[in-house]
Amino acid sequence: MPIQLTSQAYCKMLLHTAKYPHCAVNGLLIAEKSKEKKKDGHGVPVLCVDCVPLFHGTLALAPMLEVALTLIDTWCKENNYIIAGYYQANERKKDSKPNQVAEKVAARITENFSEAAIVMVDNSRLTVSCSEPIVVIYDHHENKWRNREVTMGSFEDWSEAQKITSALLVGRSYENLIDFDNHLDDLRNDWTNPVINKSVLDLC
Amino acid sequence: MASVSELYDVGWEEMRDKLRKWREDNSRNSEQIVDVGEELISDHASKLGDDVWIIYEQVMIAALDCSRDDLALTCLQELRKQFPDSHRVKRLTGMRLEALERYDEANKHYDAILEDDPTNTAARKRKISILKAQGKNGEAIRELNEYLEHIALWHSHDLAIPAFCLEELMMTNPHNHLYCEQYAEVKYTQGGLENLELSRKYFSQALRLNNRNMRALFGLYMSASHIAASPKVSAKVKKDNIKYAAWAANQINRAYKLAGRGTKENKCSMKAVEEMLDSMQITMS
């Protein structure tokens, strides 16, 4: 089942990437838990309504990742969400392949959500105008992560996503984006990013 | 567009002091440095005295980060005029070439510095950065073996290298809680009961050095919980670790309560933490 991104999910991913241009960044993609179990679920996209930015810099260390996954999983349960995917932007501009870290985290997520996807950000195409989608989506098929073509259908509303992301990048909203690392530095920093969420809503 | 001094109602002295603070903190907030520094240089250069040169250097590097080659070149040219034979300025010339991805030319500059002064660590570091930027991690690691003291390499899948680097750093900086805590994280990631116990000890040590380090607190909780849950430990070890974990859980809850005072939004974090701690208790018993 392919995933679909809302404007909020897409834009926060890019803001995280833009906030730390010299670091690798990663985060989790969040979807709403669907109550009905569709037997013939092929082709019905999973809508990722939000994302939670996790770390910047060193992505490969286990303890804080475990804490984040457990905490965010608990938060998801309270809000009828589920962790549906993982995003990562690598440190180097021309490198947009999922690495061991990405595969390990995605494997963890797959334990709870079999259709989990990896979304890699293509740093080399990051621009303020956001003229085209710059994500590469990977699905797990036959024990390998294969990339799938990203189309307008990968977004709930591409032109809205484009407009909002561009506006927030220009306005440097990424300076106020909170990731889990920021939260560990100061617990008052809220990784659900209510301020940015509100900005996104205002621009819809 | 409004100037920085108009927008924030600051005078040139405050701008100069802000730049100094960012130098001291080693902050990489390049966009801000460019905004403040560019204005300071263009409007107040004559008032800065000898500080102007270090400000040119700081702004130049920030400009490279922001793809402002025009500004970087201006700063570089001023520095070249003032310090024509300086290795330090030569290194900056090299950095500009790196930003333009002209790596071979950059390396020529660094090699020239090293021929003249083989102990020049700044030039050596730049050469390693170039290898990293080109994705030549194998070569970068070999170069690093000659210069191991202050750099941790996280790109190799073998965590033994960062572990070794951190051991060196901890020896020379015993009061630094961050190195202690990072070392604990590496040990935890390497896995296995022995490493877990080591990690728990280093998380505790980090807390002794700084009792507000949240990563150390969470780390202590996680490592102690995993040790307690392991079937390979004795009853006494299990009991001790349950105690450590319970103490850590208590401290974590207190820290969240303290942080949540006065803000409605943080209640969700706090509740999530309480639930997480509760759920882990179950797996331990």
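Begin by selecting A:Val121 in this predicted model and displaying its surroundings: leaving aside residues up to four places away in sequence, A:Val121 touches A:Thr17, A:Gln88, A:Ala89, A:Ser96 and A:Ile134. With the backbone shown as a cartoon, A:Val121 is found in strand β5 of chain A. A:Val121 has a relative accessibility of 0% and therefore counts as buried. A distance drawn from its C-alpha atom to that of A:Ile134 reads 6.0 Å, although the two residues are 13 apart in sequence.

**The strand around A:Val121**

Extend the selection to the whole of β5(A), where five of the five residues are buried, so that the strand is mostly covered. Its two faces can be coloured separately: A:Ala117, A:Val119 and A:Val121 lie on one side, A:Ile118 and A:Met120 on the other, and both faces are covered, with all of these residues buried. Adding β4(A) to the view shows a parallel pairing with β5(A) that runs over four bridges. To see one position in that ladder, pick A:Tyr87, whose bridge partner in β5(A) is A:Val119.

**The sheet and its helices**

Now bring in the remaining strands of the sheet, which is open, has seven strands in the order β1-β3-β2-β4-β5-β6-β7 of chain A, and is mixed in its pairing. At its edges stand β1 (3-5) and β7 (144-148) of chain A, and because each has a single partner strand, one side of each is left without a neighbour in the sheet. Looking along the sheet, one finds neighbouring strands turned against each other by 40 degrees on average, with direction ignored.

For a contrast with the parallel pair, select residues 25-32 and 46-56 of chain A, which are strands β2 and β3, paired in the antiparallel sense over seven bridges. Within this pair, A:Val25 stands opposite A:His56 of β3(A). Helix α1 of chain A, residues 7-19, packs on the sheet and touches β1, β2, β3, β4 (81-89), β5 (117-121) and β6 (135-141) of that chain, its direction making about 20 degrees with that of β3(A). Helix α3 of chain A, residues 100-112, also packs on the sheet, where it touches β2, β4, β5 and β7 of chain A, and its direction makes about 170 degrees with that of β4(A).

**Where chain A meets chain B**

Show both chains next, and select the residues that touch across the boundary: 32 residues of chain A are in contact with 36 residues of chain B. The area buried between the two chains is about 3,000 Å², of which carbon and sulfur atoms give 60%. On the side of chain A, the residues to highlight are A:Leu61, A:Met64 and A:Leu187, which lose the most area to chain B and together account for 19% of what that side buries.

Turning to the polar side of this interface, the count is 10 residue pairs in polar contact between chain A and chain B, both residues of each pair being at pLDDT 80 or more. Helices α2 (62-78) and α5 (180-185) of chain A each supply at least two residues of the side that touches chain B, and the largest share of that side, 10 residues, comes from α2(A).

**Charged pairs across the interface**

Six salt bridges are found across the interface of chain A and chain B. Centre the view on B:Arg215, whose side chain meets that of A:Asp181 in a salt bridge at 2.8 Å, N to O. The side chain of B:Arg215 also meets that of A:Asp185 in a salt bridge, at 2.9 Å, N to O. This latter pair crosses between chains, from helix α13 (residues 214-229) of chain B, which holds B:Arg215, to helix α5 of chain A, which holds A:Asp185. At 15% relative accessibility B:Arg215 counts as buried, whereas A:Asp185, at 55%, counts as exposed.

**Charged pairs within chain B**

Over all chains, the whole structure contains 29 salt bridges. In chain B, select B:Arg96 and B:Asp69, which form a salt bridge with their closest N and O atoms 2.9 Å apart. The pair links distant parts of the chain, 27 residues apart, with B:Arg96 in helix α6 (residues 87-99) and B:Asp69 in helix α5 (residues 69-82) of chain B. B:Arg96 counts as buried at 14% relative accessibility, while B:Asp69, with a relative accessible area of 24%, is partly exposed.

Conventions
Residues numbered from 1 in each chain as written. Chains lettered and ligands numbered in written order. Predicted model: local features only at pLDDT ≥ 70, side-chain atom pairs only at ≥ 80, totals over all residues. Heavy atoms only, no water. Pairing = 2+ DSSP bridges. Axes fitted to C-alpha atoms, helices over the stretch in contact; angles between N-to-C directions. Contact = heavy atoms within 4.5 Å. Buried < 20%, exposed > 50% of the residue type's maximum accessible area, 1.4 Å probe, protein only. Buried area = accessible area lost by both parts, 1.4 Å probe. Salt bridge = Lys/Arg side-chain N within 4 Å of Asp/Glu carboxyl O. Polar contact = N/O pair within 3.5 Å; in protein donor to acceptor, adjacent residues only side chain to side chain.
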